[in-house]
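Me: Could you take a close look at the charged side-chain pairs in this one? A slow walk through one pair after another would suit me, with the terms explained as they come up.

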Amino acid sequence: MTDSVAAILVAAGRGERAGFSAEGPKQYRTIGERAVLAHTLGVFRSHPRISDIVVVIHADDGQLCENALGPLAERVHLVTGGAERQNSVRCGLEFLADLAQAPRSVLIHDAVRPFVDHATIDRVIDAATTHGGAIPAVPIADTIKRAAEDRTIAATVPRAGLFGAQTPQGFRFAAIRAAHEDAARSGRSDFTDDASIAEWAGTKVVLVEGAAGNVKLTTREDVAAAHERLKRRVPMIDVRTGNGYDVHRLVEGDHVTLCGVKIPHDRRLDGHSDADVGLHALTDALLATCGAGDIGDHFPPSDPQWRGAASHIFVEKAVAIVTAKGGRIMNADVSLICEAPKIAPHREAMRQAIAGITGLSLDRVSVKATTNEAIGFVGRREGIAAIATVSVVYGEIA
């Protein structure tokens with residue numbers, strides 16, 4: 001079991017109170033030009049602490065889900081749920097248990113709460129890790145009345161200490177899975193949320209600060225209000241540019257590795273790994289777009305496991321970090337600065353290598369080379385340098 005945090009998005013409901021729509025149940029209805037489910041998934045997919053995401057859907061909704069998520073349907077685990085929400089959550093938990101490495105913690109979230117934010121998610125993760133279970137909640141502001149059978153007021157309920165529960169609700173994975181299994185064996189299917197199952201099983205669940213905007217879309221009016229809320233948002237194109245620079249000295253040898261391509265040469269680049277300056281600079285450029293440090297933070301040269309390592313490993317890690325933070329790489333440009341060897345005969349192989357590592361099409365990858373006009377350490381053939389620039393778009397769903 002790892003220290004990872006997984007998320008289950010429960011999207012198997014029928015949502016009768018939202019009324020009929022040709023678009024299907026409310027999780028597939030369009031708000032702000034995308035399906036409710038796509039908005040919700042976007043929040044979790046862009047959260048850096050969340051690894052696997054399970055979307056639990058109704059058996060009849062496979063095509064609806066694929067249409068709603070587009071390419072994202074291939075980047076999450078789609079699981080068929082049960083007749084009740086409780087059954088659907090258990091299906092999601094069992095799927096996670098069958099993975100090669102089950103998560104340490106799990107968040108369970110209503111797919112029809114598309115306005116949850118990262119700060120709320122962080123509070124839940126932190127508290128669940130410490131206490132075993134946590135839910136976001138907001139104090140009840142309205143006066144609460146208990147009704148008699150004839151709909152007259154039977155009592156006014158003191159609201160002190162009363163909170164409205166929200167999702168995501170977070171738990172240590174093993175504990176909430178066991179609680180769900182025990183509830184199923186006991187024939188209990190009347191729990192209204194996962195926290196109540198955890199409480200029943202004896203797990204301590206704490207309240208953390210929720211968010212007033214983290215509303216659940218229940219009625220047709222809720223869906224319409226969510227659409228208007230998104231229409232009022234001012235869109236921002238979040239395009240970020242990252243730069244990276246690396247240099248390694250040349251020593252006696254028989255080849256150099258540049259941008260993933262091994263080139264015969266009478267010298268070699270000296271370094272803890274394969275000293276591929278092109279891919280090292282590219283790694284730093286990618287990490288720079290999301291403030292994730294530099295190559296040394298993730299692959300310290302003092303760590304013997306990276307001795308002689310192929311540098312594509314470093315780029316792949318940077319790509320994974322960027323993707324986990326909701327980034328989509330748009331292009332990569334690497335400039336190699338050296339007197340020798342000649343780069344031109346190997347340029348296309350280098351472009352193809354970078355395209356393969358980053359997932360970019362070849363027309364979005366550039367490799368250039370220049371000499372240093374016999375000036376400085378490069379000019380004296382004492383080393384090779386590289387500069388990389390990348391552009392990444394953040395906050396997209398597709």
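Reply: Start with Asp270, which is partly exposed at a relative accessible area of 25%. Relative accessible area is computed with a 1.4 Å probe on protein chains only: buried means under 20%, exposed over 50%, and partly exposed in between. This is a predicted model, so local features need pLDDT of at least 70, side-chain atom pairs count only at pLDDT 80 or more, and totals for chains, interfaces and linings use all residues. Residues are numbered from 1 along each chain as its sequence is written, and side-chain values use heavy atoms, with hydrogens and water left out.

The partner of Asp270 is Arg249, and the closest N and O atoms of this salt bridge are 3.1 Å apart. A salt bridge here is a side-chain nitrogen of Lys or Arg within 4 Å of a carboxyl oxygen of Asp or Glu. Asp270 sits in the loop between β16 (267-269) and α8 (277-288), while Arg249 belongs to strand β13 (residues 238-252), so the salt bridge ties together parts that are 21 residues apart in sequence. Helices and strands are DSSP runs numbered from the N terminus: H or I of at least four residues for a helix, E of at least two for a strand. Arg249 counts as exposed, at 52% relative accessibility.

Other salt bridges share partners, and in this way Arg85, Asp110, Arg113 and Asp194 are joined into one network. Searching the whole structure gives 17 salt bridges. One of them links Arg85 to Asp194, with 2.9 Å between the closest N and O atoms. Arg85 lies in helix α3 (residues 85-97) and Asp194 in helix α6 (residues 194-200), so this pair ties together parts that are 109 residues apart in sequence. Arg85 is partly exposed, with a relative accessible area of 25%, whereas Asp194 is buried at 1%.

A pair within a single helix is Arg177 and Glu181, whose closest N and O atoms are 3.3 Å apart. Both residues lie in helix α5 (residues 173-185), 4 residues apart, which is about one turn of the helix. Arg177 is partly exposed at 27% relative accessibility, and Glu181 is partly exposed at 24%.

Charged residues also appear in a pocket. The second largest pocket is lined by 21 residues, and among them Gly13, Arg14, Gly15, Lys26 and Lys216 lie nearest its centre. Its lining divides into 6 nonpolar, 7 polar and 8 charged residues. Here Ala, Val, Leu, Ile, Met, Phe, Trp, Tyr, Cys and Pro count as nonpolar, Asp, Glu, Lys and Arg as charged, and the others, Gly among them, as polar. A pocket is an open set of points on a 1 Å grid over the protein atoms alone, where a 1.4 Å probe fits, with protein on both sides within 12 Å along at least five of seven lines; lining residues have an atom within 4 Å of a point. Helix α3, the helix that holds Arg85, supplies at least two residues of this lining, and so does β1 (5-11).

Disulfides are another kind of link to look for. The search of the whole structure finds 0 of them, a disulfide being a pair of cysteine sulfur atoms within 2.5 Å. Cys65 is in none, and the nearest cysteine sulfur, that of Cys91, is 15 Å away. Cys65 is buried, at 0% relative accessible area.
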